[in-house]
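Welcome! Here is a short set of exercises, each followed by a worked solution. Take a look at the structure, then try each task before reading on.

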Amino acid sequence: MSRSLRRGALAATAVVFSIVSLGACAAGHDAPTLQVKPDNAAVTKGDIKVQNALVITQEKDKKGPAAVSATVFNTGTKEQTLEGITLPGGKAVVTLKPAGGGSKVVVPAGGSVVLGGQGNASAVVLGGDSIVDGNVQKIVFQLSTTGDVELEGFVVPATGMYAGYGPTAAAAAGPTPSGSPSGSPSGSPSGSPSGSPSGSPSGSPSGSPSGSPSGSASASASASAGH
């Protein structure tokens, strides 16, 4: 091989080595592909982290409420209560229901709570007429200690992988009546009978016999005549 050909081969090898080296650097800890984050919304504030936040609507052509689905993590040493969820920008009202009954949705210390899906807590959205599939919706989670944790989540229909996390049929029926009937019957009968039976004798006999038997007087008269 001539000297000029050897020089060309060495130069080509150096170029290839440089490209490989640059490729290896690009695949390091700061590689662009490692900076790609999942589409579902996530945010951290203090001890609270919210992941996979979505607003899930009914299937196409079906009417009914929507639901908020998310996982709320608590990395702190004290439990917190999820006191409410709001969807700013509309008139939607979100009703929380704990898993298995109870009155509060508790995020345990060092644990998490899931919203949506069978056996989990639920967050049903009523009056969300402005919520449209494909849009991005602002969601605010209100925690007892951390306060408001805000992020934006996609609005998706309850189909495919989201079918099991949307609003349930039971939730669509709406809330139960707020209380028992307003009162008992207005009163008992107005009074007792006005008096004793009218047919009883009105009083005692009007008087004693008006005089002694008339036979006593006759006997006295006969005795006088005999003397």
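**Exercise 1. A strand and its partner**

Which residue in S7 is the bridge partner of Thr 71?

Solution.
- Begin with the two strands: S3 and S7 pair in the antiparallel sense, over four bridges.
- Now look for the partner of Thr 71 within S7, and you arrive at Val 114.
- Next, check the surroundings of Val 114. Apart from neighbours within four places in sequence, Val 114 is in contact with Ala 70, Thr 71, Asn 120 and Ala 121.
- Finally, try a distance. Pro 98 is 16 residues from Val 114 in sequence, and their C-alpha atoms are 10.0 Å apart in space.

**Exercise 2. Two faces of one strand**

Sort the side chains of strand S7 (residues 112–115) by the face they point to.

Solution.
- Walk along the strand and you will see the side chains alternate.
- Val 113 and Leu 115 point to one face and are buried.
- Ser 112 and Val 114 point to the other face and are not buried.
- Val 114 can be placed further: its relative accessible area is 29%. Buried would need a value under 20% and exposed one over 50%, so a residue in between is partly exposed. Val 114 therefore counts as partly exposed.

**Exercise 3. How far to trust the picture**

Describe the whole chain, and find where the prediction has low confidence.

Solution.
- Remember that this is a predicted model. Its mean pLDDT is 72, and 56% of the residues reach 70 or more.
- Over residues 15–38 the pLDDT is below 50, and this stretch has six contacts in the model beyond near neighbours in sequence.
- Residues 169–227 also have a pLDDT under 50, with three contacts beyond four places in sequence.
- Then count the elements: the protein has three helices and ten strands. Starting from the N terminus, their order is α-β-β-β-β-β-β-β-β-β-β-α-α.
- Of the 227 residues, 24% count as buried. The protein exposes about 15,800 Å², with carbon and sulfur atoms supplying 56% of that area.
- To close, consider contacts between residues at least 6 apart in sequence: 64% of them join residues at least 24 apart.

**Exercise 4. Placing a glutamine**

Is Gln 137 buried or exposed, and which residues does Gln 137 touch?

Solution.
- Locate Gln 137 first: it sits in strand S9 (residues 136–143).
- Its relative accessible area is 11%, so Gln 137 is buried.
- Leaving out residues up to four places away in sequence, Gln 137 touches Val 55, Leu 87, Pro 88, Ile 131, Leu 151, Glu 152, Gly 153 and Val 155.
- One of these deserves a second look: the side chain of Gln 137 reaches the backbone oxygen of Pro 88 at 3.1 Å.

**Exercise 5. Charged pairs**

How many salt bridges does the structure hold?

Solution.
- Start with the idea behind the search: side chains of opposite charge can pair when their charged atoms come close.
- The structure holds two salt bridges.
- In one, Lys 62 pairs with Glu 59, and their closest N and O atoms are 3.8 Å apart. Glu 59 has a relative accessible area of 36%, so it is partly exposed.
- In another, the side chains of Glu 150 and Lys 138 meet at 3.5 Å, N to O. This pair links distant parts of the chain, with Glu 150 in strand S10 (residues 147–157) and Lys 138 in strand S9, twelve residues apart.
- Check the accessibility of both partners: Glu 150 is partly exposed at 46%, and Lys 138 is partly exposed at 33%.

**Exercise 6. Positive phi angles**

Where do Asn 52 and Asp 61 lie, and what is the phi of Asn 52 and of Asp 61?

Solution.
- Asn 52 lies in strand S2 (residues 48–57). Although Asn 52 is not a glycine, its phi is positive, at about 55°. With a relative accessible area of 38%, Asn 52 is partly exposed.
- Asp 61 is found in the loop between S2 and strand S3 (66–74). Asp 61 is not a glycine either, yet it has a positive phi of about 70°. Its relative accessible area is 73%, so Asp 61 is exposed.

Note on methods
Residues are numbered from 1 along each chain as its sequence is written. This is a predicted model: local features need pLDDT of at least 70, side-chain atom pairs count only at pLDDT 80 or more; totals for chains, interfaces and linings use all residues. Side-chain values use heavy atoms; hydrogens and water are left out. Buried means under 20% relative accessible area, exposed over 50%, partly exposed in between (1.4 Å probe, protein chains only). Contact means heavy atoms within 4.5 Å. Accessible areas come from the Shrake-Rupley method with a 1.4 Å probe; for residues, only the protein chains shown count as cover. A polar contact is a pair of N or O atoms within 3.5 Å; within protein, one must be able to donate a hydrogen and the other to accept it, and residues adjacent in sequence count only if both atoms are side-chain atoms. A salt bridge is a side-chain nitrogen of Lys or Arg within 4 Å of a carboxyl oxygen of Asp or Glu. Two strands pair if DSSP finds at least two bridges between them. pLDDT is the predictor's confidence in each residue, from 0 to 100.
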